[in-house]
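Reader: I would like to go through the labels used for this structure. Please give me the reasoning behind each one.

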Amino acid sequence: MNGSVFSKIFASFLGIILLFIYPLYQSMERQDDRSQMVVQKSVTRFVDAVRTKGYVTPTMYKQFNEELAATGNVFNIEMVHEHKLYIPVYRDPANPNTFEGKYITDFSNYYTEDIMKVIFPDSTEPDQSESRRYHLEVGDFFTVTIKNKNRTPATHLQDMLLGGSTGDNTKIFVPYGGMVINEDN
């Protein structure tokens, strides 16, 4: 008798999982996939606009954030501007007449904080002001990396089913960048 009761409880529990919880989990996973696609498209559009125009404006950045917010997730946005430097090679750095006719290529990196200080300064300048444009030069590299900060509904349900935390919240991760091909004059 006890085996019969146990098997009925187990069958009921398995039925609930298969009929309700698993389809719900799959639906939430598809939502994460759709969010990933929206983020990929938004990051690509933003980075390509920066690479083509040669600058970042407050309006461009706000529009980018609005597109990301439409997914219902909270994101960590990391921007990196690698400014290309050409350093002349001298036999004697103190004597400019010893120039060897060669250059070393190096990069000077500027990060999200540096870019944000330019496009969102502590001033009352309007968004369209030239002083609020963060300029890049042809040959520089611009990269944006997006990573979700929040736990998505699929992650919450997975944690509930597995009886603990899955650890890393990252379900949506998009790195994208490239060389600046135009420069705002």
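**Labels and their reasons**

Author: Arginine 132 counts as buried, with a relative accessibility of 7%. Keep in mind that the model is predicted.

Reader: Why is arginine 132 called buried?

Author: The cut-off for buried is under 20% relative accessible area. Arginine 132 has 7%, so the label is buried.

Reader: What makes the contact of arginine 132 and aspartate 127 a salt bridge?

Author: The limit is 4 Å between a side-chain nitrogen of Lys or Arg and a carboxyl oxygen of Asp or Glu. Arginine 132 and aspartate 127 are 3.0 Å apart, N to O. That is within 4 Å, so the term applies. Through shared partners, salt bridges join Lys62, Asp127 and Arg132 into one network.

Reader: Why is aspartate 127 called partly exposed?

Author: Partly exposed lies between the 20% and 50% cut-offs. Aspartate 127 is at 22%, so it falls in that range.

Reader: How do you know that lysine 62 and aspartate 127 form a salt bridge?

Author: Their N to O distance is 2.7 Å. The cut-off is 4 Å, so the pair qualifies. Lysine 62 is in helix 2 (residues 58-69). Aspartate 127 is in the loop between helix 3 (112-119) and strand 4 (134-135). The two are 65 residues apart in sequence, so the salt bridge ties those parts together. Lysine 62 is partly exposed, at 36% relative accessible area.

Reader: How many salt bridges does a search of the whole structure find?

Author: It finds 7. One of them pairs glutamate 29 with lysine 171, with the closest N and O atoms 2.9 Å apart. This pair links distant parts of the chain, 142 residues apart. Glutamate 29 is in helix 1 (residues 2-53). Lysine 171 is in the loop between helix 4 (153-162) and strand 6 (173-179).

Reader: Are glutamate 29 and lysine 171 buried or partly exposed, and why?

Author: Glutamate 29 has 18%, under the 20% cut-off, so it counts as buried. Lysine 171 has 30%, between 20% and 50%, so it is partly exposed.

Reader: Which residues make the nonpolar surface patch?

Author: Tyr86, Tyr90, Phe99 and Tyr103 make it, with an area of about 440 Å². Strand 2 (75-90) and strand 3 (99-111) each supply at least two of the patch residues.

Reader: What makes tyrosine 90 eligible for a patch?

Author: A patch residue needs over 30% relative accessible area and no salt bridge. Tyrosine 90 has 31%, so it passes the area cut-off. Its place is in strand 2.

Conventions:
Residues numbered from 1 in each chain as written. Predicted model: local features only at pLDDT ≥ 70, side-chain atom pairs only at ≥ 80, totals over all residues. Heavy atoms only, no water. Patch = residues over 30% accessible without salt bridge, like charges linked within 9 Å, V, L, I, M, F, W, Y side chains within 5 Å. Areas by Shrake-Rupley, 256 points an atom, 1.4 Å probe, with all protein chains shown as cover. Helix = DSSP H or I, 4+ residues; strand = E, 2+ residues; numbered from the N terminus. Buried < 20%, exposed > 50% of the residue type's maximum accessible area, 1.4 Å probe, protein only.
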